[in-house]
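Student: Could you take me closely through a single part of this structure, and then set it beside other parts that can be described in the same terms? I would like the reasoning spelled out wherever a cut-off decides the wording.

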Amino acid sequence: MIELPDIRDIELKICWVIALAPEANPIIDLFDLRLFSNELDFPVYVNQEHGHALVISGIGKTKAAAATTYLKTLLNVKKYVGWINLGIAGFHLEPVGRLFQVIKVHDIGSKRSYFPGLRLSKIVQHQALYTVSQPETAYSDAVLFDMEASGFCEIAPMFSCNELVFVLKIVSDTPESPIGSISKKIITQLIHQNIEKLQKIIHTIEKLVSDEKKRLKIPEEVFQYFDKYHFTKSNRNKFIQTYKKWKAAFPNRKLENTLATGNSASKLIASLESELVSAIKEWKL
């Protein structure tokens with residue numbers, strides 16, 4: 001167990017939600033993750049240096065959703081952080097050990113579908129997945145089968161953008177390799193044999209996270225107006241959103257020049273909106 005730091009000191013890049021310890025152990029080893037505390041509702045592992053955190057949820061979509069929420073709340077995970085659900089899954093075809101990025105998750109019980117993650121076509125193959133309440137043995141459709149992904153996909157996009165929510169599954173059982181033959185050791189081996197490809201995926205996701213962090217960062221020139229004028233929460237959010245649009249239209253312009261005559265939050269926002277309207281009128285379509 002590591003000493004509990006102030007959550008404000010933890011700078012994360014990726015949060016992992018994994019159902020079982022045998023699935024999680026290769027990732028724990030890869031990033032030298034350490035147990036955060038022995039007194040938590042879910043086992044949580046963290047390495048601040050690498051910027052990774054991991055929670056072991058247990059089996060089932062409800063537990064996956066709960067563990068995702070728990071990790072977000074415990075570590076105050078920022079909006080730009082990537083989320084990964086990694087685990088084993090049944091499939092209708094051999095070979096066992098193939099890694100897929102899931103681009104569609106369909107919950108058999110609720111009939112709801114989710115479409116997680118920016119597609120990583122150059123690194124990994126894509127596949128659809130059904131989340132079921134019991135282990136699949138009939139493999140009746142040409143899709144992957146698991147028991148957690150829909151719960152993860154329902155919650156994780158609330159904490160980040162959907163493009164940074166990823167589901168990665170490794171084939172563990174098929175009609176020719178029944179689920180009853182799977183052991184903890186085999187599960188861990190399946191993750192280990194895909195580590196090189198997982199590292200490429202992780203590297204790509206970390207670059208996406210870095211870009212999103214830059215996009216969401218509020219420049220210093222914005223904060224000076226928060227200190228100078230009274231902003232309601234609604235006006236603060238509106239000012240930030242309007243500023244981002246304004247900055248995209250006028251990347252080289254200084255905010256102080258546009259807002260030189262403003263003396264209230266509403267007037268500052270109105271000044272930015274006025275310039276945006278003027279810019280739109282000048283665009284040649």
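**A close look at Asn 76 and helix 2**

Tutor: Asn 76 has a relative accessibility of 33% and therefore counts as partly exposed, since that class covers what lies between buried, under 20%, and exposed, over 50%. The model is a predicted one, and the values that follow should be read with that in mind. Asn 76 is not a glycine, and yet its phi is positive, at about 50°. The residue sits in the loop between helix 2 (61-75) and strand 5, and this positive phi comes just after helix 2.

Helix 2 itself has 15 residues, which at 1.5 Å a residue should span 21 Å, and the C-alpha atoms at its ends are indeed 21 Å apart, so the two values agree. Its buried residues are Ala 64, Ala 65, Ala 67, Thr 68, Tyr 70, Leu 71, Lys 72 and Leu 75. In an α-helix there are 3.6 residues a turn, so residues three or four places apart point the same way. The elements that cover the buried residues of helix 2 include strand 1 (14-18), strand 3 (44-47), strand 4 (52-56), strand 5 and helix 3 (149-155).

Other loops hold residues that can be set beside Asn 76. Lys 111 is likewise a residue other than glycine with a positive phi, here near 70°, and it is found in the loop between strand 6 and strand 7 (113-114). Its relative accessible area is 58%, so Lys 111 is exposed. Pro 95 lies in the loop between strand 5 (82-90) and strand 6 (99-107), and the peptide bond that leads from Glu 94 to Pro 95 is cis, with omega near 5°. Pro 178, in the loop between strand 10 (165-173) and helix 4, has a relative accessible area of 45% and is therefore partly exposed. Between Pro 178 and Glu 136 there are 9.8 Å in space, C-alpha to C-alpha, although the two are 42 residues apart in sequence.

For helix pairs, the description changes: two packed helices are described by the angle between their axes and the distance between the axes. Helix 1 (residues 21-30) and helix 4 (residues 184-192) pack at about 40° with their axes 8 Å apart, which makes helix 1 oblique to helix 4. Their crossing is right-handed. On the helix 1 side, Pro 22, Glu 23 and Pro 26 meet Lys 184, Ile 187, Thr 188, Ile 191 and His 192 of helix 4, and by class this contact has four nonpolar, two polar and two charged residues.

Helix 7 (residues 233-249) takes part in another pair. From its first C-alpha to its last, this helix of 17 residues reaches 25 Å, close to the 24 Å expected at 1.5 Å a residue. The axes of helix 6 (residues 220-228) and helix 7 come within 11 Å and cross at roughly 150°, so that helix 6 is roughly antiparallel to helix 7, and this crossing is right-handed. Glu 221, Val 222, Phe 223, Tyr 225 and Phe 226 in helix 6 meet Arg 236, Phe 239, Ile 240, Tyr 243 and Lys 247 in helix 7; the contact has seven nonpolar, no polar and three charged residues. The buried residues of helix 7 are Phe 239, Ile 240, Thr 242, Tyr 243 and Trp 246.

Definitions and conventions:
Residues are numbered from 1 along each chain as its sequence is written. This is a predicted model: local features need pLDDT of at least 70, side-chain atom pairs count only at pLDDT 80 or more; totals for chains, interfaces and linings use all residues. Side-chain values use heavy atoms; hydrogens and water are left out. Axes are lines fitted to C-alpha atoms, for helices over the stretch in contact, and angles run from 0 to 180 degrees between N-to-C directions. Helices (H or I, at least four residues) and strands (E, at least two) are DSSP runs, numbered from the N terminus. Angles under 35 degrees count as roughly parallel, over 145 as roughly antiparallel, 65 to 115 as roughly perpendicular and the rest as oblique. A crossing is left-handed if the near helix is turned anticlockwise from the far one by less than a right angle, and right-handed if clockwise. Contact means heavy atoms within 4.5 Å. Ala, Val, Leu, Ile, Met, Phe, Trp, Tyr, Cys and Pro count as nonpolar, Asp, Glu, Lys and Arg as charged, and the others, Gly among them, as polar. Buried means under 20% relative accessible area, exposed over 50%, partly exposed in between (1.4 Å probe, protein chains only). The expected span of a helix is 1.5 Å times one less than its number of residues.
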